[in-house]
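Work through the following exercises with the structure in view. Each task is followed by a solution in steps.

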Amino acid sequence: MNEKQSPFTRVALVKFISGHVPEVSLILIWVIVQSVVIYQFGIVTDFEAKKYINEAWNFLQNGTVSTPNYWLYSVQIFLIAAALKLKTGFLSVVVVQLLFNGLSTYIFFKFIKKSGSHSTAIILTFFLICNFPYQSFNTALQTESLFYSLTILFSCYLLQLEKLTFKKSILIFLFVVVITFTRPTGLFFIPAAAIYLFFRFFHSFSLSLKLLSVISISVGFLIFLNIVLGSGGELDFMLPFRDESIICGVPTLFHFRNIRTSENPNSIFGIFYYITHNFDQFLRLAWLRSKAFWGLFRSYYSFGHNLYLGLYFLPFYTLIVASIREWVKKNKYSFLYCCSLIIITWGSVILTCDDWHNRFYLSIVPYIYILSIPVLQKITNKLPGK
């Protein structure tokens with residue numbers, strides 16, 4: 001029976017592959033990229049990963065983390081702790097990260113295909129898969145891989161909502177909680193999602209009710225953010241201003257600058273106090289950090305590395321600018337959501353510092369790709385054999 005069916009199975013498989021050559025090609029490219037990353041980096045357990053491994057051991061031994069701020073990384077810590085407890089090895093953590101990366105890549109492809117076209121989905125998914133700085137975190141026992149994947153899954157779900165129900169609202173809330181406890185920057189998705197849902201689904205609200213809702217959401221977010229800022233541990237939001245760091249952990253001053261700060265600098269009021277009492281320094285550092293964030297180039301990268309970053313990412317800025325009119329005309333709410341995430345992330349870099357490996361920028365790359373859809377779709381429509 002099996003021998004008789006096998007030729008038909010092979011024929012069906014060949015027909016499927018021949019009818020889905022671009023998709024199968026993307027799968028093969030994804031496998032190749034992940035294999036290259038594993039071969040080049042192996043399972044990364046040093047650098048920042050050490051913190052989460054140590055916290056996982058601490059959680060297993062004491063039932064808690066060393067300082068409250070580590071709860072905001074607890075998803076990764078619990079995953080590592082589970083691997084340690086079950087003795088499955090760190091490879092099991094990498095497997096989970098790869099599974100979520102693969103799933104989020106597939107969902108990203110489906111979303112782009114629905115929002116744009118099959119051709120744009122193929123192109124943008126290819127760019128996402130071949131984004132080596134983005135993919136390199138998949139074998140590191142850090143928070144980035146899971147965080148990037150979860151945010152794509154969340155955003156694609158959110159932007160495809162046709163109707164907001166109570167059950168869907170609960171799911172959105174739980175999704176945001178998981179993202180927030182994967183990395184603290186998951187907090188950025190709270191105002192972005194709230195703004196999107198508010199403008200997308202609550203058209204019938206009166207002006208006074210709209211203002212009250214916006215104020216309530218803003219106050220709630222600021223209160224929660226204020227708690228996070230004061231959660232202790234390594235958090236010192238004035239340090240990058242005292243040593244004028246552009247890249248986190250790389251001070252540009254040998255001696256601390258004498259800046260005016262409040263009695264409680266790790267708070268919303270403390271940041272506001274700093275800005276209003278050190279405005280000239282704030283503006284100068286904001287400009288330098290913005291250049292580092294958007295320019296991507298690093299003095300410690302090779303010429304080839306910087307050239308790759310420039311050629312791979314910067315052309316999308318032109319595509320986005322050219323797509324703005326189309327977004328505002330046809331889908332202003334999705335445009336508002338993506339722009340909110342990008343602006344909030346950019347603002348956080350201005351208020352702190354940029355990452356050594358562009359990790360903060362990489363978190364917004366999927367939304368940069370999404371914002372390029374309208375013009376990219378027009379370009380692909382003009383290509384022969386599209």
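Helices here are DSSP runs of H or I with at least four residues, numbered from the N terminus, and the expected span of a helix is 1.5 Å times one less than its number of residues. The model is predicted: local features need pLDDT of at least 70, side-chain atom pairs count only at pLDDT 80 or more, and totals for chains, interfaces and linings use all residues. Residues are numbered from 1 along each chain as its sequence is written, and side-chain values use heavy atoms, with hydrogens and water left out.

**Exercise 1.** Compare the span of helix 9 with its expected span, and state where its buried residues lie around the axis.

*Solution.* Helix 9 covers residues 166-180, 15 in number. From first C-alpha to last it reaches 21 Å, close to the expected 21 Å. Its buried residues (under 20% relative accessible area; exposed is over 50%, partly exposed in between; 1.4 Å probe, protein chains only) are Ile 172, Phe 175, Val 176, Ile 179 and Thr 180. Viewed down the axis of helix 9, they fall within an arc of 130° (taken from the directions from the axis to the C-beta atoms), so they line one face. An α-helix has 3.6 residues a turn, so residues three or four places apart point the same way. The face of helix 9 turned away from the buried side carries exposed Phe 166, Lys 167 and Phe 173.

**Exercise 2.** Describe the surroundings of Thr 143.

*Solution.* Begin with its place: Thr 143 sits in the loop between helix 7 (132-135) and helix 8 (144-159). Its relative accessible area is 0%, so Thr 143 is buried. Apart from neighbours within four places in sequence, Thr 143 is in contact (heavy atoms within 4.5 Å) with Tyr 52, Tyr 73, Gln 76, Thr 182 and Arg 183. With Arg 183 there is a side-chain to side-chain polar contact at 2.7 Å. Such a contact is a pair of N or O atoms within 3.5 Å; within protein, one must be able to donate a hydrogen and the other to accept it, and residues adjacent in sequence count only if both atoms are side-chain atoms.

**Exercise 3.** Lys 87 and Asn 358 each have a positive phi; is each buried or exposed?

*Solution.* Most residues other than glycine have a negative phi. Phi of Lys 87 is near 60°, and Lys 87 lies in the loop between helix 4 (74-86) and helix 5 (90-115). At 75% relative accessibility, Lys 87 is exposed. Phi of Asn 358 is also near 60°, in the loop between helix 17 and helix 18. With a relative accessible area of 4%, Asn 358 is buried.

Conventions. Helices (H or I, at least four residues) and strands (E, at least two) are DSSP runs, numbered from the N terminus.
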